[in-house]
Amino acid sequence: MRRLTVHRHVDAEPDVVWSLLVDLDAWPRWGPSVQQATLDDEAPLGLGSTGHVRTAVGLSLPFAITSFEPGRAWAWSVAGVPATTHAVRPEHDGCRLSMGAPLWAPAYLPVLAAALVRIDRLATARR
């Protein structure tokens, strides 16, 4: 599926950034549209994981992880609708962080760009 994507160079190791992307407790700290996220089981986030995300307006929606490449990328659907992608790639002295939205959701790109900035701040604070 084609996507609209935003990118940011982060001066932190890819594994530090990845740990933020897969830590559901961290999602509200970097995701402007996320208040809380929980998994349906105790397993770590991975392909086929399901759970619920509470949005910034308090709506709780089911999600499912639809693709997962450990240490590199994951995507999900929310309420059965393909949603965002999340990726981290080694780059120079840090990594390239990317998030993508479906073509029909260009208005969500500023939210994703804000998430990249927040992840950058969290990751570089952990260095």
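1. Let me start with the pocket lining. Strand 6 supplies the largest share of the lining of the largest pocket, at 4 residues. Keep in mind throughout that this is a predicted model.

2. As for the pocket itself, the largest one holds about 320 Å³ of space. Its lining runs to 17 residues, and Ser 33, Trp 76, Val 78, Ala 83 and Tyr 108 sit closest to the centre. Strand 3 (50-55), strand 5 (73-78) and strand 6 (81-91) are the elements that each put two or more residues into this lining.

3. The chemistry of that pocket is worth a glance while you have the structure open. Its lining splits into 14 nonpolar and 3 polar residues, with no charged ones.

4. Now the enclosed space. Searching the whole structure turns up 1 cavity of 30 Å³ or more. The elements giving two or more residues to its lining are helix 2 (27-30), strand 5, strand 6 and helix 3 (109-126). Here helix 3 gives the most, with 3 residues.

5. On volume, the largest cavity comes to about 110 Å³. Of its 15 lining residues, Trp 30, Ser 33, Val 34, His 86 and Tyr 108 are nearest the centre. Ser 33 and Tyr 108 may look familiar: both are also listed among the residues closest to the centre of the largest pocket. The cavity lining has 11 nonpolar residues, 4 polar and no charged.

6. On to charged pairs: the whole structure has 2 salt bridges. One of them joins Arg 8 and Asp 120, with 2.7 Å between the closest N and O atoms. Arg 8 belongs to strand 1 (residues 3-10) and Asp 120 to helix 3, so this bridge ties together parts lying 112 residues apart in sequence.

7. Are the two partners of that bridge buried or exposed? Arg 8 is partly exposed, at 32% relative accessible area. Asp 120 has a relative accessible area of 11%, so it counts as buried, the cut-off for that being under 20%. Helix 3, then, holds Asp 120 and also gives the most residues to the cavity lining.

8. The other salt bridge is between the side chains of Arg 96 and Glu 91, at 3.9 Å from N to O. That passes the 4 Å limit used for a salt bridge. Arg 96 is partly exposed, with 34% relative accessibility. Glu 91 falls in the range of strand 6 (81-91), the strand that leads the pocket lining.

Definitions and conventions
Residues numbered from 1 in each chain as written. Predicted model: local features only at pLDDT ≥ 70, side-chain atom pairs only at ≥ 80, totals over all residues. Heavy atoms only, no water. 1 Å grid on protein atoms, 1.4 Å probe; cavity = no way out; pocket = protein on both sides within 12 Å on 5 of 7 lines; lining within 4 Å. Points joined across faces, edges and corners; volume = space filled by probe spheres on them. Nonpolar A, V, L, I, M, F, W, Y, C, P; charged D, E, K, R; others polar. Buried < 20%, exposed > 50% of the residue type's maximum accessible area, 1.4 Å probe, protein only.
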